[in-house]
Amino acid sequence: MRKPIIAGNWKMFKTRDEALQFILAVYDKMPSQEKVDSVICSQFTVLRCLVKRQGENLRIGAQNMHFEDSGAFTGEVSADMLKSIGVTYVIIGHSERRAMFNETDESVNKKLHKAFEKELTPILCVGESLEQRENGKVEEFIGNQLKLDLAGLTKEQVKELVIAYEPIWAIGTGKTATSQVADETCGFIRSMIKELYDQETADAIRIQYGGSVKTSNIDELMSMPNIDGALIGGASLKADDFVKLVNAAVK
Ligand code: PGA
């Protein structure tokens with residue numbers, strides 16, 4: 001059985017005071033780590049503040065990192081820098097970074113290699129646009145993303161990877177993919193992992209759904225066989241909701 005994983009993606013929200021308020025409200029309300037992994041991925045400025053107060057069963061992740069160890073890359077942050085402050089997860093290839101910050105499958109692939117080298121757990125985001133879905137190109141597009149993004153990764157690494165299936169048309173729009181559509185596409189991702197690796201790897205990898213997940217739809221999404229958790233933007237900003245969302249994964 002795969003352990004569910006619920007991750008909040010705070011995007012560019014929360015000042016230090018707001019982050020502090022949030023973590024103090026949730027850190028001791030997370031269910032046992034034996035039952036669910038709970039993660040908050042914040043912007044860089046509050047990572048340390050969160051790590052210091054993460055408690056027993058909450059882990060902290062970044063939303064991006066560079067693939068080089070160090071160098072003249074103004075404004076960038078390396079995997080070693082994240083590790084050195086106690087960060088354990090990192091989101092790689094979020095569609096907002098792909099669309100607005102020149103993230104390519106090539107840079108995503110390099111970042112995944114670097115994250116594993118430095119023992120950070122990556123949450124790789126993949127997902128199609130509305131146009132691709134309407135034109136029946138979902139499997140072709142996501143299949144290609146997976147081939148390029150995972151190139152050269154070993155089976156042992158991919159077993160530890162978390163993939164977030166996030167249809168671009170469902171992010172921040174209030175439109176959730178129906179649980180059937182979300183499950184079907186997560187199932188396709190699992191079948192691609194089997195094709196690229198093997199059955200054991202496909203059975204081990206955890207696949208989240210992301211896109212307008214909230215307290216009112218998490219139960220149904222989590223009941224689907226191929227969905228092992230959620231990557232949650234807007235609804236992860238409220239402490240009460242985050243506690244509910246993590247607890248929903250335990251049921
Ligand atoms: P949303 O964002 O939950 O606000 O739709 C999800 C994401 O972008 O990870």
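**Exercise 1. Find the backbone atoms that hold polar contacts to oxygen atoms of the ligand.**

Solution. Start at Gly233: a backbone N or O atom lies 2.8 Å from a ligand oxygen. A polar contact is a pair of N or O atoms within 3.5 Å. Next, take Gly234, where a backbone N or O atom is 2.9 Å from an oxygen atom of the ligand. Then take Ser212: a polar backbone atom sits 2.8 Å from a ligand oxygen. Finish with area: the ligand alone exposes 280 Å², and the protein buries 95% of that (Shrake-Rupley method, 1.4 Å probe).

This is a predicted model: local features need pLDDT of at least 70, side-chain atom pairs count only at pLDDT 80 or more, and totals for chains, interfaces and linings use all residues. Residues are numbered from 1 along each chain as its sequence is written, and side-chain values use heavy atoms, without hydrogens and water.

**Exercise 2. Classify the ring pair Trp10 and Phe22, then the pair Phe22 and Phe242.**

Solution. Apply the rule: Phe, Tyr and Trp rings (six-membered ring for Trp) pair if their centres lie within 6.5 Å; planes under 30 degrees apart are stacked, over 60 edge-to-face, the rest tilted. The whole structure has three aromatic pairs. For Trp10 and Phe22, the centres are 4.8 Å apart and the planes at 85°, so the pair is edge-to-face. For Phe22 and Phe242, the values are 5.8 Å and 50°, so this pair is tilted. Combine them: Trp10, Phe22 and Phe242 form one aromatic cluster.

Terms used:
A polar contact is a pair of N or O atoms within 3.5 Å; within protein, one must be able to donate a hydrogen and the other to accept it, and residues adjacent in sequence count only if both atoms are side-chain atoms.
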